[in-house]
Amino acid sequence: MSYAIEVKNLSKSFYSRKKQGFWAGIFARKYNEKKAVNKLSFTIKEGERVAFIGPNGAGKSTTIKMLTSILHPTSGRARVMGMNPAEDRELLAYNIGAVFGQRSQLWQHLSPMKSFELLAAVYDIPESTFKKRLKNLVATFEIGEYIDKPVRTFSLGERMRCEIVASLLHNPKVLFLDEPTIGLDVVAKAKIRETLKELNRREGTTIILTSHDAGDIEDVCNRAIIINHGKIVIDESITKLKAQYLSRKVIRATGARGKISVYEIDTKCMPLQAALADIIKKDDLVDLTIEDPSMEEIIKDVYSKSENISCSIKLRGK
Amino acid sequence: MHKYLAFFKTAYITELKNPYMIVMRLVMLTLLVFVTQQLWLVIGHKGFEPVNIVWYLVMNEMLFFSYDGKMQKKIHNDIRSGNVGYSLIRPFSYLSQCITESTGMFLARIPFLMVGGGIIAYLLTGGGLPTTYWGIPVALLLMLVSGIFFNTSQVVIGLLGLYMQNTHSVAMIFQKFMFLLGGLLFPITVYPQWLQDIAAWTPFPWAVYEVSRLVYEFNWGIVFNTAAHLIMWTVATFILAYVIFKQLLKKVSVNGG
């Protein structure tokens with residue numbers, strides 16, 4: 001079995017100087033250590049689509065940066081397509097692509113077409129291969145209309161599509177996406193998600209996605225690695241993750257005067273019928289819906305390390 | 001090498017797509033030379049031929065308008081914002097990219113400045129040529145090396161963003177040294193000897209004065225001496241850029257999250 005990514009006890013610490021007196025600051029400097037990533041270990045097989053998620057400051061971007069050679073680990077071992085990102089940067093670069101939603105990697109004063117031509121030279125892509133691949137990607141991501149305009153004139157959605165095309169020109173085996181749909185509207189998000197899945201299906205590209213959008217995770221990925229405080233909290237397939245939380249139900253009850261109450265129950269503790277009987281007694285109901293918790297709620301629960309909710313009906317905000 | 005040639009070509013072509021800036025540079029060159037020429041008329045030429053002074057000034061201003069101050073700002077901003085770290089994802093050296101692009105921009109500008117500057121000097125002198133006009137082609141060749149030195153210096157100044165919040169002040173000081181110690185407006189022979197001796201230990205007179213004076217005081221001894229010093233200072237600047245860049249890579253710490 002070949003792994004696209006192997007990480008063993010990977011750690012990264014950042015150091016900042018402590019506030020000290022003048023002489024102490026010169027002769028006896030002290031540093032604060034912040035452990036951003038703490039002995040992470042996981043493997044990702046070729047062709048997997050993995051969501052790498054966690055709350056702000058969890059260490060996910062730091063981990064991605066170590067895997068893409070931007071940062072060097074403090075300790076531990078990382079291999080991407082068998083290469084060490086810290087030592088084989090240039091060689092690895094031919095095998096990976098990366099898109100950062102909050103950073104542009106295109107040349108702002110050039111059109112995407114010029115940027116793509118420049119990237120073809122950077123990645124040593126033969127001209128015939130480049131032309132064929134570009135034609136396919138332009139059609140897939142529908143960027144033909146604005147490919148010759150300067151990047152600085154684009155909307156966010158247009159820019160993101162071009163950024164993804166730029167990261168795929170050299171046919172990378174692994175694609176890292178750090179919040180690729182941030183700020184996009186629902187239509188643009190749906191398009192990008194669909195195209196990423198198609199890319200994975202057609203070319204077997206391994207996809208590692210970090211996102212705060214539960215829709216990205218649910219639609220694109222088949223596995224989730226959730227990290228918090230630099231450590232892995234959960235490493236599960238999306239199906240199993242949802243199944244674990246499917247025992248929870250969210251019940252929305254609309255009263256006669258239009259008041260909506262939202263209840264959470266854990267059906268492992270309290271049968272659904274008993275919960276419904278209780279709710280019906282409380283309100284003068286006109287409508288009732290029973291839902292599975294959304295991916296967003298599942299993740300929120302994982303982040304907050306919430307215990308299984310008590311075996312009573314819990315009223316949520318209205 | 002192919003990828004850096006692509007960076008060079010893109011920068012070169014992008015520069016040529018801005019004819020308005022080419023014209024503006026020539027207009028500014030003409031104004032500066034004209035005003036300085038009038039200043040020399042007032043102070044009485046100090047033993048220099050008026051024709052030689054005009055050609056000397058034009059040569060200097062060609063160099064001044066050809067080097068790229070924007071690269072220093074771009075590098076500084078890339079360092080302060082952390083963008084430089086993201087260049088590590090791609091298989092090229094950020095430093096080599098900056099130097100190649102900077103050279104491309106310079107080589108796109110200089111032919112227009114050389115031709116335009118030559119015409120302007122000819123007109124301002126009423127059709128006069130400098131004393132050793134046959135030295136002009138050699139001076140122009142050395143000017144290419146000066147230009148590469150100044151562009152690489154801008155890269156070094158930008159890289160100082162690793163240590164400083166604002167490298168603009170360093171760029172301004174550098175420019176002032178170019179003016180004073182390089183003899184941008186006055187040949188440095190008008191300075192007291194002690195100041196000339198100090199200047200000789202810096203790259204500025206070799207990159208500016210010694211190149212431009214070949215138009216009125218040409219000999220092969222000066223050419224080889226100037227070329228040797230210029231090459232030495234240019235190589236030293238490349239090495240300094242490389243050393244600072246290596247430090248930068250060690251310290252790069254892009255904000256997570």
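**Figure 1. Ala171(B) sits in helix H8 of chain B.** This close-up, like the others here, comes from a predicted model. Is Ala171(B) buried or exposed, or something in between? Ala171(B) counts as partly exposed, because its C-beta has 19 C-beta neighbours inside 10 Å, and 20 would be needed to call a residue buried. Leaving out residues up to four places away in sequence, Ala171(B) touches Gly69(B), Gln72(B) and Ile157(B). Gln154(B) is worth picking out as well: it is 17 residues from Ala171(B) along the chain, yet the two C-alpha atoms are separated by 7.4 Å.

**Figure 2. Helix H4 of chain B, with its buried residues.** One of the contacts from the previous view, Gln72(B), turns up again here as a buried residue of H4(B). The others buried in this helix are Met71(B), Ile75(B), His76(B) and Ile79(B). Looking down the axis of H4(B), you find the buried residues within an arc of 130 degrees, so they line one face of the helix. What covers them? The cover includes H5 (83–86), H6 (94–124), H7 (136–159), H8 (168–180) and H12 (220–251), helices of chain B. As for length, H4(B) runs over residues 70–81, and its 12 residues at 1.5 Å each should span 16 Å; the end C-alpha atoms are 16 Å apart, so the two agree. Right after the helix comes Gly82(B), with a positive phi near 90 degrees.

**Figure 3. H2(B) packs against H6(B).** Two packed helices are described by the angle between their axes and the distance between the axes. For H2(B), which covers residues 19–43, and H6(B), the axes come within 10 Å and cross at roughly 35 degrees. The crossing is right-handed. On the H2(B) side, the contact is made by Ile22(B), Arg25(B), Leu26(B), Leu29(B), Thr30(B), Val33(B), Phe34(B) and Gln37(B). H6(B) answers with Phe112(B), Leu113(B), Gly116(B), Gly117(B), Ile120(B) and Leu124(B). Sorted by class, that makes 9 nonpolar, 4 polar and 1 charged residues.

**Figure 4. H2(B) again, this time with H3(B).** H3(B) takes in residues 50–66, and its axis lies 10 Å from that of H2(B), at an angle of about 145 degrees. H2(B) passes H3(B) in a right-handed crossing. From H2(B), the contact uses Arg25(B), Met28(B), Leu29(B), Leu32(B), Val33(B), Thr36(B), Gln37(B) and Trp40(B). From H3(B) come Ile53(B), Val54(B), Leu57(B), Val58(B), Glu61(B) and Phe65(B). How does this contact divide by class? It has 10 nonpolar, 2 polar and 2 charged residues. Look back at the H6(B) view and you'll find Arg25(B), Leu29(B), Val33(B) and Gln37(B) in that contact, and they are part of this one too.

**Figure 5. Where chain A meets chain B.** The contact takes 27 residues from chain A and 17 residues from chain B. Which elements of chain A supply at least two residues each? They are helix H2 (60–67), helix H3 (89–93), strand E5 (96–100) and helix H4 (112–122). H4(A) gives the largest share of the chain A side, 4 residues. By class, the chain A side divides into 12 nonpolar, 9 polar and 6 charged residues.

**Figure 6. Three spots of positive phi in chain A, at Ser69(A), Glu179(A) and Glu142(A).** Most residues other than glycine have a negative phi. Ser69(A), though, has a phi near 75 degrees. Ser69(A) is in the loop between H2 and strand E4 (75–80) of chain A, and it counts as buried because 25 other C-beta atoms lie within 10 Å. Glu179(A) has a phi of about 50 degrees and lies in the loop between strand E6 (174–178) and helix H7 (186–203) of chain A. With 20 C-beta neighbours inside 10 Å, Glu179(A) counts as buried. Glu142(A) follows H5(A), with phi near 55 degrees. H5(A) itself, residues 127–141, should span 21 Å with its 15 residues at 1.5 Å each, and its end C-alpha atoms are 21 Å apart, which agrees.

Key:
Residues numbered from 1 in each chain as written. Chains lettered and ligands numbered in written order. Predicted model: local features only at pLDDT ≥ 70, side-chain atom pairs only at ≥ 80, totals over all residues. Expected span 1.5 Å × (residues − 1). Buried ≥ 20, exposed ≤ 12 C-beta atoms within 10 Å, placed from the backbone. Arc of directions from axis to C-beta. Contact = placed C-beta atoms within 7 Å. Axes fitted to C-alpha atoms, helices over the stretch in contact; angles between N-to-C directions. Left-handed = near helix turned anticlockwise from the far one by under 90°. Nonpolar A, V, L, I, M, F, W, Y, C, P; charged D, E, K, R; others polar.
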